[in-house]
2 protein chains.
Amino acid sequence: MISFDEMRKLAHVTPSKIVLLVMDGLGGLPDDQSGKTELETARRPNLDQLATEGICGLAYTVSPGITPGSAPGHMALFGYDPVAYGLGRGIVEALGLDIEVNPGDVVARGNFCTVDDNGRISDRRAGRLPTETTRDLCALLNDNVRVAGTEISFFPGKEHRFVVRFRGEGLSEKVGDTDPQHEGMEPLEARPLDETADATAAVINDVITQTRQLLAGKHPANMVLLRGFSQHPDFPSLPDVFHLTPACIATYPMYRGVARVVGMDILPAGESLQDQIETLTEYWDSYDYFFLHYKKTDARGEDGDFAAKAQAVEEFDAVLPSILTLKPDVLLVTGDHSTPAALAMHSWHTVPVVLWAKYCRKDEVTEFTEPACLRGGLGQIHAAELMSLAMANALKLNKYGA
Amino acid sequence: MISFDEMRKLAHVTPSKIVLLVMDGLGGLPDDQSGKTELETARRPNLDQLATEGICGLAYTVSPGITPGSAPGHMALFGYDPVAYGLGRGIVEALGLDIEVNPGDVVARGNFCTVDDNGRISDRRAGRLPTETTRDLCALLNDNVRVAGTEISFFPGKEHRFVVRFRGEGLSEKVGDTDPQHEGMEPLEARPLDETADATAAVINDVITQTRQLLAGKHPANMVLLRGFSQHPDFPSLPDVFHLTPACIATYPMYRGVARVVGMDILPAGESLQDQIETLTEYWDSYDYFFLHYKKTDARGEDGDFAAKAQAVEEFDAVLPSILTLKPDVLLVTGDHSTPAALAMHSWHTVPVVLWAKYCRKDEVTEFTEPACLRGGLGQIHAAELMSLAMANALKLNKYGA
């Protein structure tokens, strides 16, 4: 991959439009009975038409065998090496919740959890606490947790999730998680990962001690777990590097968060895929790059529900004609990783990708499935290379070198 | 890719011979009517025979989506990472014209151009000036342009093109182009890109001022545009790294220039492909690596002439038997990039490659076309890796590690 410095020189503004459609967790594994994956099982006439007219392949987002989280998965799709441009969990959650994060602030992703009488975690999610309760508990903590010289703020998320922001002088993100990620263990102390973080770790441990006391009678939410301490990254943006005017249409906070980190405008996405298409249509003339995120394929995969995941594919397939009506110059359909129902979690398997554009040099693939994409003209490709290919196909890149 | 330091240890001299045949701009795009590319359309019995007996694939020279210029395209084919070993436009032109460039000299590629009464560029190429006129104008400039302490020399190229060489103490290549690359704009001042180049930029601007005065009555060639200020690169050579005795047979200056940078001997190439084959035959015993460059596939692609590009393929195909008569041990046929007639310019699309050698492990490909090569044993490969593969197939590489 060429550097962003080089890309800045190659990229130029044109009226052509790129649309990136991310079917989260798209790739799957075959069903034991039928021998077909979720995608192969689904009726997908419109995806197959794109595959027929476009160029297909299989993408990996980090490297072969590595199962990516959602943030690295999307960073790669936006053209960033996800290893060089790593995002802390805290910052992604915070940005997705529209929380102001200034340079110097430290944020962490939090869970309300349940600890037993011995202080061991019995439920990392406190029974998936109602969002309303999380709101009340965050208010309680905001009213009472105090550390001299540091401003502490709790922001409620969905269910048991929240974000805590530390604002003050000399804070560092180099602090280990307090969430051991396993039930039956005690929450960990916040430990400094280098000497710059001694003071920050002390502040965090002070906050946790106060929080534990304030939550003592609030079973099942009688403790908190923090992870992903992080500061605002100072990454080059899509407008800066690729000279794009990019917009994000995502219904879930985390994806909006990652999109914001790379400099996308966040458009109102509504609640449904239909709402998202309406937004895309409404804002069509204002941007030259759209990222539209579809969550359901991943969610049903994580549920381990093969049939529901296949159905989620069909639902997405059905809206493709309305996107094509807008006449994008480059349409890229893929996922950020695989989420096979058989595993009920993110996996390392490659993800089908189709790039549809006038000069794409179409291959002989006529089905948008894992086995068909294996024979595609893109081969097996690092997802971060797809951005250059999309730019090239939109005729937005100059020649490299004389 | 392994480093040149490692390659130096692996490579050894053998009598076996490698021939690299570059069909410039080889890759194409399908015709709207027939659905076939230029290469698919051409009759190519000899290329198909090579594909049948050899191992095929698709190559990219920089990275997916990046359209390479000719210099990076060839650097990759010679085994160099074209990003790490970048060449300025000036040095490539200068070397191709057999201009002496000493360490410390700065050279630039120049165009005679036309500016209107307001000083704005109305034709970047001065109506593609006759080569003879360019010769006369360079003589005029050589007789009259004077800067104390710096020797200024103008060297005519083809049509409106020339090279200017600055020879003196303390010169730097870190100067921005004066060619804005767009008509309707004024030529730019030469600007230093860092503080080491202040004096050089002043010299260049002085030269341009004198040149403008000397050309005042010479419409349409009443101004010059300079770009690609560069010094002689100090790159490792093919003899040094691969222990090869390499020779170049190219009819165009730029390709000879790049070949010279990597340490090839430049053989007299004549004017036609037939001349080139004669040179290859004549010098067969004196070298163990030959680079033969065929320009027509690119030129006809850049003309946007689909049929003529297909015909250029056929013309090349016809000379293959006479090359095989020489009994090369390794024959590598590919391009430095694609130049689809549909785009009439270099493009980012991968390029077919066939490697023909006794121990190549042939694949099932029997046609030398873009879709057939996609199913080849080389897969999709970075062009810079082809050099190692050619060396290996020539049995010129030792085992790596114990």
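1. A residue is called buried here if 20 or more other C-beta atoms, placed from the backbone, lie within 10 Å of its own, exposed if 12 or fewer do, and partly exposed in between. By that count, 54% of the 402 residues of chain A are buried.

2. This is a predicted model, in which local features need pLDDT of at least 70 and side-chain atom pairs count only at pLDDT 80 or more, while totals for chains, interfaces and linings use all residues. Residues are numbered from 1 along each chain as its sequence is written, and chains are lettered from A, with ligands numbered from 1, in the order in which they are written.

3. The C-alpha trace of chain A spans about 65 × 55 × 40 Å along its principal axes.

4. The largest nonpolar core (buried Ala, Val, Leu, Ile, Met, Phe, Trp, Tyr and Cys residues joined through C-beta atoms within 7 Å) has 257 residues, and A:Val353, A:Leu355 and B:Leu355 touch the most other members. Helix H12 of chain B, residues 306-324 (helices being DSSP runs of H or I, at least four residues, numbered from the N terminus), gives this core its largest share, seven residues.

5. Beyond its neighbours within four places in sequence, A:Leu355 is in contact (C-beta atoms, placed from the backbone, within 7 Å) with residues including A:Gly54, A:Ile55, A:Val330 and A:Asn393.

6. Chain A superposes on chain B, by least squares on the C-alpha atoms of residues with pLDDT of at least 70 in both, through a rotation of 122° with 0.2 Å of shift along its axis (RMSD 0.3 Å). The two copies are thus related as by a three-fold rotation axis.

7. The copies meet through different surfaces, because only 5% of the interface residues of chain A are also interface residues in chain B.

Terms used
Helix = DSSP H or I, 4+ residues; strand = E, 2+ residues; numbered from the N terminus. Contact = placed C-beta atoms within 7 Å.
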